[in-house]
Amino acid sequence: MLLLTMVCVGYAEQNIHGFIRDDLTGEPLPYANIMLPEINRGAVSNIDGYFVVSNLPVGSYSFLVSIIGYAKYSQEIELAQDIDYRMDIRLVQEVIEGQSIEVSAEREKFKELVSTSTVTLDRRTIEAAPSFVEADVFRALQLLPGVQSLNDFSSALYVRGSTPDQNLIMLDGITVYNPMHLGGIFSTFNTDAIKEAEFHAGGFPAQYGGRLGSILNIVNREGNTEEITGNANISLISSKILVEGPLPTRKSDVINGSWMIAARRTYFDMIVNKGWKYLIKPTLDEQDRESAPDRIVPYYFYDFQGKLNVDIGNDHRLTWSSFYGDDVLDWGYTDTYSSDDWIDEGYVNPDNSYYSGKSKADFDWRWGNFTNSLSWRWIINPKLIAKTFIANSRYRFAVNIDNDDENYFQSDFDTSRSSSIFKFDLFDKINDESVESMLTWLPSESHTVLGGFQYKQVCFDLGMLLSAQDSRDGITETFQDTIMWMQSRPSEVAYYIQDKWEMSPLLSLQSGLRIARYSLHDLNYFEPRLGVKYFLSEQLSVKASAGRYHQFLTVANPPDENLRFLDIWFGVPGDRKAPRSDHYILGAEYLTDADVLLRAETYHKTFDYLLTLKPSDLIAIDEDGNLRIDPFNEFWDTDAYADGLEILVKKLSGKVRGWVGYTYAVTQRKYAGQDWYYPKYDRTHTVNVVADWALNSALHFSSAITYSSGNPYTAVKGRYETWQSFNWTVDDIWGVNQGFLYGDRHAERYPGYFRWDISLKKRKPFHAGTLEWYFQILNVTNHLNIFSYIYKINSEYDFISNTSVNQEVQRLGIPMFPFFPSFGVKIEF
């Protein structure tokens with residue numbers, strides 16, 4: 001890389017390069033079309049808005065820039081010998097009936113992108129899809145082909161047979177380990193702060209690794225470079241605010257930049273708790289008021305996001321990005337009591353005794369993420385760009401339980417004092433420190449070369465501590481025990497190189513190699529990647545890709561969990577092989593003149609050396625009678641495969657936009673003692689219909705319809721009775737022990753899932769900004785979707801025979817979200 005840098009720095013030729021940005025906000029515009037018509041040469045801007053047209057002959061040219069939704073830019077330029085012509089272009093938005101920037105982006109991606117299974121969602125698309133209470137990027141992704149959800153209560157992503165821990169979730173390139181709020185109902189990411197979400201469902205390129213399933217990189221807005229703007233949003237459960245603007249140095253020729261800050265917090269707890277404390281609690285009688293808590297809603301979540309961009313000259317940019325968010329479940333009470341309370345209620349105190357006491361308990365449970373990153377982009381020359389990135393990502397899960405009791409007793413015969421203190425702490429901490437450097441080399445119009453390295457060290461700390469203290473009349477006994485303590489400090493290092501080669505106007509090849517090394521394994525893991533694209537016509541192309549992937553981190557989650565509340569991460573042990581997956585994808589794309597994109601893809605994925613947690617008791621008594629805490633127990637070595645067919649029809653322009661997606665998928669797993677079975681997240685058929693209808697310039701109606709096959713479950717087939725001896729006394733006592741008879745694992749499926757959600761949004765000018773209100777209804781038809789079944793044995797007792805008769809197993813279904821309306825208001829200023 002150093003040799004390549006020195007060669008390129010000393011190479012002189014005629015180039016035109018620069019950035020394409022929105023004139024109003026300064027945000028970069030990807031997929032803008034740059035053209036020099038005199039020589040039929042051009043380029044397309046990348047995700048950063050950067051473009052380069054290289055190896056140009058000396059002469060005069062018309063320089064044209066176009067992207068739908070913006071006025072065309074034109075300028076006459078004179079290109080001299082050995083000159084790099086720098087052009088930073090600002091495009092002015094213009095309203096074109098039925099058109100959008102998305103059309104240009106999809107058309108250019110259709111031409112340029114070789115990678116399969118890639119979708120980019122901008123903020124407008126995310127907000128257009130109806131969702132639970134407020135827009136959410138994970139909920140929008142679940143409406144795409146190939147992405148499944150376990151149930152309504154989880155926004156976790158199950159992608160092409162992969163589990164959520166096999167997805168690499170990033171915010172501005174920073175790994176986020178548990179991106180969930182409210183037990184998984186919402187994702188961590190504030191939609192107002194998102195610029196776009198780039199999603200790879202499979203076959204992802206060589207620069208990405210460390211996961212088997214998919215890649216999701218969420219890019220935050222850069223901030224307005226022209227003026228201070230913002231918005232405020234109040235939904236049914238949370239309030240949000242975002243402010244962005246330029247640095248005070250924006251008129252400088254040397255240093256310029258922008259910033260963005262966003263915050264969100266639930267407010268339901270604040271309203272209810274204030275009403276309880278100041279309106280209801282004062283009306284209670286004195287005794288109840290003293291023992292009543294100050295808060296009755298103990299849960300809330302919040303998050304903050306920030307981004308700062310500093311441009312130093314034309315060739316250097318520093319970017320700082322940060323996220324901080326927590327879920328908090330904090331509950332406590334204080335209770336005082338004395339014998340006087342009983343006497344006042346009429347109890348007799350014959351020995352003139354007196355006692356009093358105070359009890360205090362606190363329960364504090366917090367989980368959340370804290371990320372920071374600093375990146376440096378250096379345009380070494382127009383054809384060589386370096387990006388260096390350092391980041392820290394921390395996830396913590398901590399439970400603290402404290403209980404204090406104080407007691408005083410006095411009588412005619414004795415006086416005593418006692419106190420007890422009990423403390424319990426459980427924590428799981430992940431600290432990820434990463435360094436990455438990447439070079440992008442554009443040697444010619446037909447080649448784009450990427451190369452770089454990544455280093456990551458992840459520190460895992462899992463512990464459970466218990467302490468107790470008991471004091472009686474001046475004598476104190478103390479007990480402390482570290483019930484569980486686990487630490488791990490694995491590291492990963494990877495090198496990669498990739499070349500996208502336009503072999504001809506019809507054929508493109510993208511080949512890459514990634515070499516990874518894991519500190520607990522004395523091995524180099526080779527991961528070849530290959531993608532090919534061939535145009536059968538200007539509007540029709542076929543694609544294929546294949547790749548190998550390894551993952552060195554895993555989770556200790558139960559395999560049959562219905563709710564994925566959080567993940568317990570750890571590094572793959574040194575005596576276990578690294579989980580591995582091979583992806584094979586074949587697809588076709590067709591883009592019509594009417595701006596309708598049709599995509600069909602079929603895939604086959606294999607999984608080897610997965611780790612499946614064996615069910616066991618978390619807390620148990622060992623053979624010696626000692627307390628044993630074992631969260632992991634043992635793991636089964638597991639193999640799996642996933643096959644599927646996905647069809648996407650996406651309408652990009654017009655008053656009605658949206659998509660129809662269909663997924664046929666089969667996923668099976670097996671391990672020792674268990675033949676092939678369907679995991680709980682397997683759904684054979686899924687259909688999603690998403691539409692956004694612009695009734696006029698101010699009023700939008702959106703709809704999302706989902707139908708899918710039911711998830712598998714293990715059914716109860718009957719019940720059994722056994723007689724059991726209970727040796728409670730000298731004589732044995734015999735009784736009946738009842739249980740359930742289960743069928744084959746996951747051999748049955750829940751009824752089919754159906755849900756229809758709608759949303760109505762209206763915008764209107766409001767003083768110096770815009771006011772938008774929205775009204776949403778979840779599950780319009782109130783369709784009963786089954787979350788799970790619970791079973792119980794019903795019986796009648798016959799007193800004559802002293803037995804239970806007419807016994808039967810009754811099954812009760814637990815429903816998911818019912819009909820649920822919500823509303824909110826958004827103000828832009």
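Arg755 is buried, with a relative accessible area of 13%. Its side chain meets that of Asp757 in a salt bridge, with 2.8 Å from N to O. Asp757 is also in the buried class, at 3% relative accessibility. The model described here is a predicted one.

**Salt bridges**

The count of salt bridges comes to 44. Three of the pairs are set out below, each with the N to O distance.

| Pair | N to O distance |
|---|---|
| Arg517 and Asp522 | 2.4 Å |
| Arg755 and Asp757 | 2.8 Å |
| Glu721 and Arg719 | 3.0 Å |

The partners in these pairs can be placed by how much of their surface is accessible. Arg755, at 13%, falls under the 20% limit and is therefore classed as buried. Asp757, at 3%, falls under that limit too. In the pair of Arg517 and Asp522, the arginine is partly exposed, with a relative accessible area of 31%. Asp522 is exposed, because its relative accessible area of 66% is over the 50% cut-off. In the pair of Glu721 and Arg719, both side chains have intermediate values: Glu721 is partly exposed at 40%, and Arg719 is partly exposed at 28%.

Salt bridges also link residues into a network, whose members are Arg21, Glu222, Asp311 and Arg317.

**Strands 47, 48 and 51**

Arg755 and Asp757 both belong to strand 47, which covers residues 753–766. Strand 47 is joined to strand 48 by nine bridges, and the two run antiparallel. Within this pairing, Pro765 has Thr770 of strand 48 as its bridge partner. Strands 47 and 48 form a hairpin with two residues between the strands. His767 in this hairpin takes a positive phi near 50°.

Strand 48 spans residues 769–778 and is mostly covered, with seven of its 10 residues buried. Strand 48 also pairs with strand 51 (residues 820–828), again in the antiparallel sense and over nine bridges. In that pairing Gln776 stands opposite Ser822 of strand 51. Strand 48 thus has pairing with strand 47 and with strand 51.

**Strands 30, 31 and 34**

Strand 30 (residues 524–535) pairs with strand 31 (residues 540–550) over seven bridges, in the antiparallel sense. The two make a hairpin, and four residues lie between them. Leu530 is found opposite Ala546 of strand 31.

Strand 31 is joined to strand 34 as well, by 11 bridges, with the strands running antiparallel. Strand 34 takes in residues 580–591. Ser545 has Ile585 of strand 34 as its bridge partner.

In a regular strand, side chains alternate between the two faces of the sheet.

**A five-stranded open sheet**

Which strands make up the open sheet of five, and in what order? The order is 9-16-17-12-13, and the pairing is mixed. Strand 9 (118–122) and strand 13 (174–175) are the edge strands; each has a single partner strand, so one side of each is left without a neighbour in the sheet. For strand 13, two bridges join it to strand 12 (residues 167–171), and the two run antiparallel. Met170 stands opposite Thr175 of strand 13.

**Helix 6 and the loop after it**

A patch of negative charge on the surface gathers Asp285, Glu286, Asp288 and Glu290. One of these residues, Asp288, lies in helix 6, which runs over residues 286–291. Asp288 counts as partly exposed, at 38% relative accessibility. That value is over 30%, so Asp288 meets the accessibility condition for a patch residue.

Between helix 6 and strand 21 (299–312) is a loop that holds Ile296. With 43% relative accessibility, Ile296 counts as partly exposed. How far apart in space are Ile296 and Asn273? Their C-alpha atoms are 6.1 Å apart, while 23 residues separate them in sequence.

Methods: Residues are numbered from 1 along each chain as its sequence is written. This is a predicted model: local features need pLDDT of at least 70, side-chain atom pairs count only at pLDDT 80 or more; totals for chains, interfaces and linings use all residues. Side-chain values use heavy atoms; hydrogens and water are left out. Patches are made of residues with over 30% relative accessible area and no salt bridge: like charges are joined within 9 Å, nonpolar side chains (Val, Leu, Ile, Met, Phe, Trp, Tyr) within 5 Å. Accessible areas come from the Shrake-Rupley method with a 1.4 Å probe; for residues, only the protein chains shown count as cover. A salt bridge is a side-chain nitrogen of Lys or Arg within 4 Å of a carboxyl oxygen of Asp or Glu. Lys and Arg count as positive and Asp and Glu as negative; His and the chain ends are not counted. The place of a charge is taken as NZ of Lys, CZ of Arg, CG of Asp or CD of Glu. Buried means under 20% relative accessible area, exposed over 50%, partly exposed in between (1.4 Å probe, protein chains only). Two strands pair if DSSP finds at least two bridges between them.
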